[in-house]
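Here is a short note for a colleague who is opening this structure now. Please read it with the sequence and the model side by side.

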Amino acid sequence: MSQRFTVCKSDGDRRPSDIQGEVNQLFEGDEPPSSSSGGGGAEGEDAAGAEAVVVVLKGDGNPKESSPFINSSDAAAEKSQQYDGKHMALFEEEMDTSPMVSSLLSNLANYSNLPQGSKEHEEAENNEAESSRKKPVKAPQLGTLMGVYMPCIQNIFGVILFLRMTWLVGIGGVVGTFVIVFMCCTTTMLTAISMSAIATNGVVPAGGAYYMISRSLGPEFGGAVGICFYLGTTFAGAMYILGAIELLLIYICPKAAIFPLEGLEGPEAEAALLNNMRVYGTLLLTSMATVVFVGVKYVNKLALVFLACVILSILAVYAGVVMTGIDAPDFPVCILGNRTLVWKSFDVCAKTIESANGTVTTQLWSMFCDSPFLNATCDKYFAANNVTRIQGIPGITSGILAENMFGTYYEKGDLIAKTNMESVEDPDDTMTNMNNYVLADIASFFTLLVGIYFPSVTGIMAGSNRSGDLRDAQKSIPIGTIAAITTTSLVYMSSVILFGACIEGVVLRDKFGEGVHGNLVIGTLAWPSPWVIVIGSFFSTCGAGLQSLTGAPRLMQAIAKDGIVPALRIFGHAKANGEPTWSLLLTACICEIGILIASLDAVAPILSMFFLMCYMFVNLACALQTLLRTPNWRPRFKFYHWALSFLGMSLCLTLMFICSWYYAIVAMVIAGSIYKYIEFSGAEKEWGDGIRGLSLSAARYALMRLEEGPPHTKNWRPQLLTLVSTDAEQNVEQPRLLSLTNQLKAGKGLTIVGTALQGTFLANYEQSQRAEQSLRKLMETEKVKGFCQVTISSNLRDATSHLLQASGLGGLKHNAVLVSWPRNWRQGDEHQAWRNFVELVRETTAADLALLVPKNIAAFPSNGERFTEGHIDVWWIVHDGGMLMLLPFLLRQHKVWRKCKMRIFTVAQLDDNSIQMKKDLTTFLYHLRIDAMVEVVEMHDSDISAYTYEKTLVMEQRSQMLKQINLSKTEREREIQSITDSSRGSIRRKNPAAVTTQLSVTEEPPAASNEEKPEEEVQLIHDNTTPASPETPATLLTPTEGVQSPGEQVQMTWTEKCDGEPAKPPGAATPEGIKDLFNMKPNQSNVRRMHTALRLNEVIIKKSSEAKLVLLNMPGPPKNRTGDENYMEFLEVLTDGLNRVLLVRGGGREVITIYS
């Protein structure tokens, strides 16, 4: 829907009709168009017939004036003018970071990520002298035919078609070879379908398979497969060079051999041939590398010539097949008995010939007899069998197809014999004159044929490798690649049938054409001359080798520039024009390894492995993206399915092991090693790859499974939430806490490291980011694998509580909390820290979480320390679900604690049988499969010492003093109010009618007092755990507790077990109260607990003073908050004098079991 409109020029005298017809577009560019350009643009849009909905706003005709509500500074006025008339005032604050769509669309539509490909290299070299004057890079212009189809054709047709295809048909038979061709072509077709889907899912820069795999499967898979693809391309270059040398030394110029083959037999002849291949292969490699180094433009200019050679050679073969039906060529083969003779040293295929002088012997006679006379002594087989001359190419109408239908496999050194001819031979005779027969040079079997043939179907990535040079890559790559594979597959399949139908079987099995005067076997079929094939195939193999030496270094350069493999970064450097010099040098060195192997049949399976692995991961990438259904997976190529990709992947894996199982294992080991190297040492890259998506899907599935129920005891492991504190610079104050976390992670469970910050989220966001970076850095240093979390709240107590509640996800939540003992908690300025600690103990108990509290955390060992001896002592006083047993076992899995031995102490009371307890505990540990020494400590009842009374009294006096010292302003106001209420209460007690009123005041404070105080102060009053006076208890009375008058209320200690004696009111705000502070008596309940703590501490010091670590049951916190200070004091007394203590509080469930 297009609209035509005109823009009228405003002249100040604006009429309503003019204003009504004036149109302003909503989204304009940065520069306001003139009226003519606006009209032109509108007409152009109308002419194009664009179907778009245009939102039009009409002006109001009022002159624009600055608003008093908008900042009218100079900068603001300038910005206002910049977006004046664009109806963008609502978004002008975000224009710096979020540009307008109209200015962005042209960049998005004309996006081109054109890397330095062949065109740029040519331009850089041509303009090397004019480096100061750069020309703009031209837009890519290659279409489907020249950009994808022809390069794929050139790369797929290669040396195997010309040098080994006839031999494959002869050895494997028409049926067997057809199966091989069909299987390999099906694999490449399925891979091409997967590759088309990936290549059309967005813009693919040059880099081909490496780019697609790395961006689909991640840097680890991408780097591993990219290097394998690079090795495959490099060895392909070696294979092409070896093919060219084979053509040169055997068919074109045999006399050029440096190591002559004349007169050599068996291994000597083979060694001479291989040495010739090595020398000439090295020379040809050097010359090709020099050409590539000098300039890629020469390779590109010769590419069309090489392609023409390939096409002409194939057309010559098809023309020769047609001609065999009309007039079969004369290529005779000489057969002695049923053995094929090497036709080089004789001219006539006969023992004797008739001449004017009678019967005379031939050169063939001289090869098997000791003299040219008829009465000479000859080879027994030669004498017993006749010589037969048969046609090597009987023609397509001869019916030879039936004889070549099935394969004939040989061992190395076997004679190439015609199967349907009779032969007279004595099994007891030793074979002589072996160099006169055509022999099998290698052992042949089906899997070998697959490995040799597969390189002839590689090269399907040639189009995707040039994606940066294509006019429309998303259209050209699928069409060109699939069309090229279809064409080449038809040529290969038809070649199998036509070769079997036209050529004699012994000629097909003659790899080097020794039986047909040393001619190239496929050349004997060509029309008009065998030299068409020989010369054409030589140039095509040279061209393919140049293409490999050109493409492989650029692939290595792309991998090096990505930086995912640190060891390869040097190969990312290039010349001024972008030529990858170092990569070319590396490629030439690796290619030389293949040339030193010197056997085309040995090199082919090696590169088959690497290409098959690459194709396998292309299929995997497509299948993975399809199954994950990621939102960004929207290929333009629609003819794909995950089942096809999975079938292609399975075929690739099957072919790898069919070709050579040991090569397949080596290739996988290489790829796996590169994968692990990148994983541990490579650069972190986030490319939105499918493996990350797979991990997300797997994590989601696992989390949903974990939600089904709590883990079984056998699967329990500590999922730690480690709480650390940070200083003003956001550095962690207790780094050894993360060392202990790492040492406890033998269970391989979840680890969350959290810290709490005070303030608001908006004001402290940057601070939280710094804290998170500090946590990540320390976790990396301490090798703690897990997650970090920073929580901000108005106070640290709430922030820690939020961490405790919100950390984790679903079933993957923490079940244990690791927090350090508050240092210097007795100091007045640290009173809030220990209060927060006690509240944390209460919250972990309420949430059924285990709690681990290391005391003296600075004395704990780092991950680099080693204990060569010592003990880990466990004091098992109460049963906590087995945490005390499990933690030492986990610690001893770490190298820090591995040499320490475990000792378990338990306490026996007066009426306990300590001997039986020790036996039972030993049996229990045996069933738990835990090695530990057991000792039962007897603690008899004893009188409470005066020291205990004195220490308890000092503790309680100190607690009351702290209450007075730490009173804040609000608390002082509350204290004064409490005294006033107390005096009023004493007056009301004289009037019984006022009792009900006093109780109601105590249970529910008047609303007016709440309204007068700010919300923070009201919260502080409710959070205050210290009663200021007997008349204002810390916790409101409930009906179950009964109603007591304020004077009868009891000061509760840290447990509900109380002697029932009313505690003396502290009277903190009165001089009488201070006097009572020094006259007070210790609470009997506190005395008993202090006595227990002192006795236990004495025993622990006596038994475990030399222990490397002491694990101890942590007593529970007070149920009411009036005894928190006493609770901390009891724990301090309990652990006094111990170097390293780990206080452990179980989570209320069994964590260790004797069952398997």
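1. Hairpin. This is a predicted model. A place to begin is strand β5 (residues 352-355), which is joined by four bridges to strand β6 (residues 358-361). The two strands run antiparallel, and the hairpin between β5 and β6 passes through two residues. As an example of the register, T352 has T361 of β6 opposite.

2. Open sheet. Another set of strands, three in number, makes an open sheet in the order β4-β3-β7, with antiparallel pairing. The edges are held by β4 (339-340) and β7 (387-391); each has a single partner strand, so one side of each lacks a neighbour in the sheet. Strand β3 (residues 332-336) pairs with β4 over two bridges, in the antiparallel sense. Within that pairing, I335 has T340 in β4 as its bridge partner. As background, the strands of a sheet pair through backbone hydrogen bonds, and the pairing is either parallel or antiparallel.

3. Aromatic pairs. The search of the whole structure gives 22 aromatic pairs. In one of them, F368 and F382, the ring centres are 4.8 Å apart and the planes are at 5°; planes under 30 degrees apart count as stacked, so this pair is stacked. The pair links distant parts of the chain, with F368 in helix α12 (residues 363-368) and F382 in helix α13 (residues 380-384), 14 residues apart. Are these two rings buried or exposed? F368 has a relative accessible area of 5% and is buried. F382 is also buried, at 1% relative accessibility.

4. A second pair and a cluster. W633 and Y640 have ring centres 5.8 Å apart, and their planes are at 80°, so this pair is edge-to-face. Both W633 and Y640 are buried. Elsewhere, one aromatic cluster is formed by F229, F454, F611 and Y615.

5. Charges over rings. Which residue has its charged end over the ring of F382? It is K351, at 4.6 Å from the ring centre. F382 thus appears twice in this note, as it is also paired with F368. In another case, R339 lies over the face of Y381, 3.5 Å from the centre of that ring. R339 falls within β4 (339-340), an edge strand of the open sheet in point 2.

6. Cavities. How many cavities of 30 Å³ or more does the structure hold? There are seven. The second largest has a volume of about 80 Å³. Its lining consists of L161, F162, I314, V317, Y318, V321, V491, S495, L498, F499 and I522. Two or more of these lining residues come from each of α7 (159-163), α11 (296-326) and α16 (473-502).

7. T166. This residue is found in helix α8 (residues 165-199). The cut-off for buried is under 20% relative accessible area, and T166 is at 4%, so T166 counts as buried. Leaving aside residues up to four places away in sequence, T166 touches F499, I503, L508, V521 and I522. Among these contacts, F499 and I522 also line the second largest cavity.

Conventions:
Residues are numbered from 1 along each chain as its sequence is written. This is a predicted model: local features need pLDDT of at least 70, side-chain atom pairs count only at pLDDT 80 or more; totals for chains, interfaces and linings use all residues. Side-chain values use heavy atoms; hydrogens and water are left out. Rings of Phe, Tyr and Trp (its six-membered ring) pair if their centres lie within 6.5 Å; planes under 30 degrees apart count as stacked, over 60 as edge-to-face and the rest as tilted. Buried means under 20% relative accessible area, exposed over 50%, partly exposed in between (1.4 Å probe, protein chains only). A charge sits over a ring if NZ of Lys or CZ of Arg is within 6 Å of the ring centre and within 35 degrees of the ring normal. Two strands pair if DSSP finds at least two bridges between them. Contact means heavy atoms within 4.5 Å. On a 1 Å grid over the protein atoms alone, a cavity is a set of points where a 1.4 Å probe fits but cannot get out, and a pocket is an open set with protein on both sides within 12 Å along at least five of seven lines; lining residues have an atom within 4 Å of a point. Grid points are joined across faces, edges and corners, and a volume is the space filled by probe spheres set on the points.
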